[in-house]
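Grab a pencil and let's work through a few exercises together. Try each task yourself before you read the solution.

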Amino acid sequence: MSRAPATSAASHRRRGKRRIVGAHGTESLPRGRSHLLAFRSFTLRFALAAPPHRRRKRRPAPSPRHRRSSVVDPSRFLAPRPFVLRYLLAAGASAPCRRRKASVIDMGHLLSRLLRESTGEGGSRVRKRRDKGLREVIDLTANRVQADKANAARWGIGDVSSITLEEVPDDSPKEDLSELFAPLTNEEESEVNNLLNGSAHSKKIIVLHKPSNIEITKEKLWCLRPRGWLNNEVINLYLELLKERAEREPKRFLKCHFFNTFFYTKLACGKTGYDYQSVRRWTTPNKLGYRLADCEKIFIPVHRDVHWCLAIIDMKEETFHYLDSLGGKDSGVLRILARYIMDELKDKNNIEIDTSSWRVVSVHIPLQHNGWDCGMFMLKFIDFYSRGLILSFSQEHMEYFRMRTAKEILRLRAD
């Protein structure tokens, strides 16, 4: 993103409070606080610190072993509220790029590692070595199992306790991946750098995708700069390009459907957290030219506060996948999608299925090492799986993928 001009405190007061919308379309911290998070290490330490002790009536001094610590154990803080530190870390990353002290960068990397060890599940997680072929063992508390059964009965999807979480080895055949990492030509790299690093005419439309009516300005494309959060427009346009790529070469790519970033938000709304009618017309045969029952994979981007994840419905294998580049799990998302695919097939194909026997499969995926590459990881999950390939990339490829994605958007063609 472009650097914001410096403003005095007086001028800020004259203008009043400003509502700032982040790259994901959500309201973010005011610019001043973002500066603090970006290069003030004491701010993160303050977020972990306990509130100051107020003066009260004098009491006998406690023994040293009973004194309260002024700093909360990070592991206790991360377990119930993983999104809090994720928000702090990501908000700091979204600030204008400035030289930061090494201690602050180390703090961010430490928090990223801690976040990857946290889980959104209600029960305790038993982790084994992440060797190839080992199953991931999850010990759910009795309360969580009872809650799942109650939700399943209310949603009408059967007993979800029978849906198993299984980790399987990647035994796909090795493919030639040279095309996926082909370097940009000097001309392409120069064009991308000029658009990502320039500042003139930031509101000018540089790309218009007529079939989806998505407009990309230079300012919106700036989210592909290093440390930028990917926005809805860039993600949705890239998904449209993947769809067109599969239509050009149907024998080379899998038959997939790519929902945009607004689908899951619409589906998971309403009083009960599920509203099929709000998305029922999104998949009419006249609009798509096909039915979801004909697809091998269905990709659903999921936006979690300030973090992008991906859910996949594998129609061929009758499985569900939830891919989070920070290592998190969210069975609630998959329960909603299990009900959705039942309602969808019944409405469009007059077929009744029972998804309670479908498996939730967990495979080894590359993980991000920072607080700003989740959107790029999500797009590459979709790109590789739509080719039928294993996820053979890592954090070190993200800078290249940002440049390549910008090039493909400018060409309106995904390779």
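Two strands count as paired if DSSP finds at least two bridges between them. Helices (H or I, at least four residues) and strands (E, at least two) are DSSP runs, numbered from the N terminus. You're looking at a predicted model, where local features need pLDDT of at least 70, side-chain atom pairs count only at pLDDT 80 or more, and totals for chains, interfaces and linings use all residues. Residues are numbered from 1 along each chain as its sequence is written, and side-chain values use heavy atoms, with hydrogens and water left out.

**Exercise 1.** Find out which strands pair with strand 9, and in which sense.

*Solution.* Start with strand 10 (residues 359-362): it pairs with strand 9 in the parallel sense, over two bridges. Here threonine 319 has arginine 359 as its bridge partner. Next, take strand 8 (residues 307-314), which pairs with strand 9 in the antiparallel sense over five bridges. In this pair, isoleucine 312 is matched with histidine 321. Finally, check the link: strands 8 and 9 form a hairpin with four residues between them, and glutamate 318 in the turn has a positive phi of about 55°.

**Exercise 2.** Work out why strand 9 is called largely enclosed.

*Solution.* First, the cut-offs: buried means under 20% relative accessible area, exposed over 50%, and partly exposed in between (1.4 Å probe, protein chains only). Now sort the side chains: Thr319, His321 and Leu323 point one way, Phe320 and Tyr322 point the other way, and all are buried. So five of the five residues in strand 9 (residues 319-323) are buried, and the rest of the structure largely encloses this strand.

**Exercise 3.** Check the span of helix 8, then sort its residues into buried and exposed.

*Solution.* The expected span is 1.5 Å times one less than the number of residues. Helix 8 (residues 186-197) has 12 residues, so it should span 16 Å, and its end C-alpha atoms are indeed 16 Å apart. Among its residues, Glu188, Val192, Leu195 and Leu196 are buried. They sit on the same side of helix 8, because they cover an arc of only 95° around the axis (the arc is that of the directions from the helix axis to the C-beta atoms). Over on the other side, Asn186, Glu187, Asn194 and Asn197 are exposed. What covers the buried residues of helix 8? Contact means heavy atoms within 4.5 Å, and the cover includes strand 4 (205-209), helix 9 (218-221) and helix 15 (398-411).
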